[in-house]
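Please look over the sequence and the model together before reading on. The paragraphs below go from a helix to the ligand beside it, and then to several separate places in the fold.

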Amino acid sequence: MSKDIDWSNLGFGYVTTDKRFVANYTNGAWDEGAIIDDPMVTMSECAGVLQYAQTCFEGLKAYRTKDGKVVCFRPDLNASRMADSCRRLEMPVFPEDKFVQACIDVVKNNLDFVPPYGSGATLYLRPYMFGINPVIGVKPANDYQFRIFCTPVGPYFKGGAKPIVIRVSDLDRAAPNGTGHIKAGLNYAMSLHNIVDAHNNGYAENMYLDPKTRTKVEETGGANFIFITKDGTLVTPKSDSILPSITRRSLMIVAEKYLGMKVEHREVYLDELANFAECGLCGTAAVISPVGKIDDHGKEICFSSGMEEMGPWTKKLYDTLTGIQMGTIEAPEGWIQVIAE
Ligand SMILES: *Cc1c(COP(=O)(O)O)cnc(C)c1O
């Protein structure tokens, strides 16, 4: 490892790495794209992304496995989800096969930044696209830039994942028939005030309800929910305004195929939460964050797994999925993209 990085003390932040990928869309077509050195983006003061927030992104990780390979996890799903985001935002789709190849190329060109196996750290990849030409009348941009940079990130939870306390939010993150199901920057911009307010009041996250009836559970600002019943059924909320988490979709398969759990993907009502034994948030960054308690306007919903550690089913799910990602447990066909042997 030639990079002088203290892998065990990395946080979840941005570190400038050596190389990044950039492709430009002009005159109705993508150029070939290239791996470049310059970490800075230069654009018009009137660029579409700066005026009307025309941008979307993805997030995935590369891992060093026990046997020394470098791999990433289901990048094809990030490619197709980004294509969905682009279509909804009137942006050109970056071809899905080229998206996966560009992810591979970025990692290959930054191999020294892939943290060692066992450090708990990983290399986080951030693909994103934005309207770059001047736009002042409200309309989609004509020209776009697609980039992928990577940054080494520490274990999301240092010293193990302690259960968190979250609150039921009074604000919404998505509108009915809106953009909650795509990975658009705008969904995050509007959630920032609420997350700062949650933190100021001692909560780690906001639980968003369905924006139409406010009776059903959706997700948090950046992670899907998993619930586990007392008899070991995995239940995940279903709604058109939830972002389809790749971690959640993978956990549903892990639960059924590896752990023999029953799996239900259905509407989940706020007033049934007290019946569940375990609760967690899932996403690429943390894999699973256990939730110990939900505050619904002073009414506390406490899970039997408690505030000290992950519940037993959550732990099994976490260990199995991270084992698959790190190469200690055999992966389902097509889940692992080998980047370097
Ligand atoms: C990215 C994201 C997630 C998690 O998705 P993964 O594919 O598992 O990383 C969940 N919710 C929202 C709103 C997101 O933007």
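The expected span of a helix is 1.5 Å times one less than its number of residues. The model shown here is a predicted one, and helix α6, which covers residues 246-257, can be held against that expectation: with 12 residues, α6 reaches 16 Å from its first C-alpha to its last, close to the 16 Å expected. The residues of α6 that are buried are I246, T247, R248, S250, L251, M252, V254 and A255. At its N-terminal end, α6 is capped by S245, of which a side-chain oxygen lies 3.2 Å from the backbone nitrogen of T247.

The start of this helix leads to the ligand. The ligand is surrounded by 15 residues, of which the closest are K183, Y188, E219, S245 and T284; S245 is thus named both here and as the cap of α6. Two residues of α6 itself also take part in contacts with the ligand: a polar backbone atom of I246 is 2.9 Å from a ligand oxygen atom, and an N or O atom in the side chain of T247 is 2.6 Å from an oxygen atom of the ligand. For Y188, the corresponding distance between an N or O atom of the side chain and an oxygen atom of the ligand is 2.4 Å. On its own the ligand has 390 Å² of accessible area, and the protein covers 97% of it. The place that the ligand occupies is the largest pocket.

A second helix allows the check on length to be repeated. Helix α2, residues 75-88, has 14 residues and should therefore span 20 Å at 1.5 Å a residue, and the distance of 20 Å between its end C-alpha atoms agrees with this. Its buried residues are P75, L77, N78, A79, R81, M82, A83, S85 and C86. Just after α2 comes E90, whose phi is positive, at about 55°.

Positive phi values are also found elsewhere in the model. R214, in the loop between β10 (205-207) and β11 (224-228), has a phi near 50°, a positive value in a residue other than glycine. V287, which lies in strand β15 (residues 287-296), has a phi near 70°, again a positive value in a residue other than glycine. How do these residues stand with respect to accessibility, buried or partly exposed? Buried means under 20% relative accessible area, and exposed means over 50%; R214, at 30%, therefore counts as partly exposed, whereas V287, at 8%, counts as buried.

Two loop residues complete the tour. L273 is placed in the loop between β13 (262-266) and β14 (278-283), and because its relative accessible area is 0%, L273 is buried. The C-alpha atom of L273 is separated by 9.6 Å from that of T229, a residue 44 residues apart from L273 along the chain. T65, for its part, is found in the loop between β5 (60-64) and β6 (70-73), and its relative accessible area of 5% is why T65 is described as buried. The side chain of T65 also makes a polar contact, at 2.5 Å, with the side chain of D67.

Definitions and conventions
Residues are numbered from 1 along each chain as its sequence is written. This is a predicted model: local features need pLDDT of at least 70, side-chain atom pairs count only at pLDDT 80 or more; totals for chains, interfaces and linings use all residues. Side-chain values use heavy atoms; hydrogens and water are left out. Helices (H or I, at least four residues) and strands (E, at least two) are DSSP runs, numbered from the N terminus. Buried means under 20% relative accessible area, exposed over 50%, partly exposed in between (1.4 Å probe, protein chains only). A polar contact is a pair of N or O atoms within 3.5 Å; within protein, one must be able to donate a hydrogen and the other to accept it, and residues adjacent in sequence count only if both atoms are side-chain atoms. A residue is near a molecule or strand if one of its heavy atoms lies within 4 Å of it. Accessible areas come from the Shrake-Rupley method with a 1.4 Å probe; for residues, only the protein chains shown count as cover. On a 1 Å grid over the protein atoms alone, a cavity is a set of points where a 1.4 Å probe fits but cannot get out, and a pocket is an open set with protein on both sides within 12 Å along at least five of seven lines; lining residues have an atom within 4 Å of a point. A molecule sits in a cavity or pocket if more than half of its atoms lie within 2 Å of its grid points.
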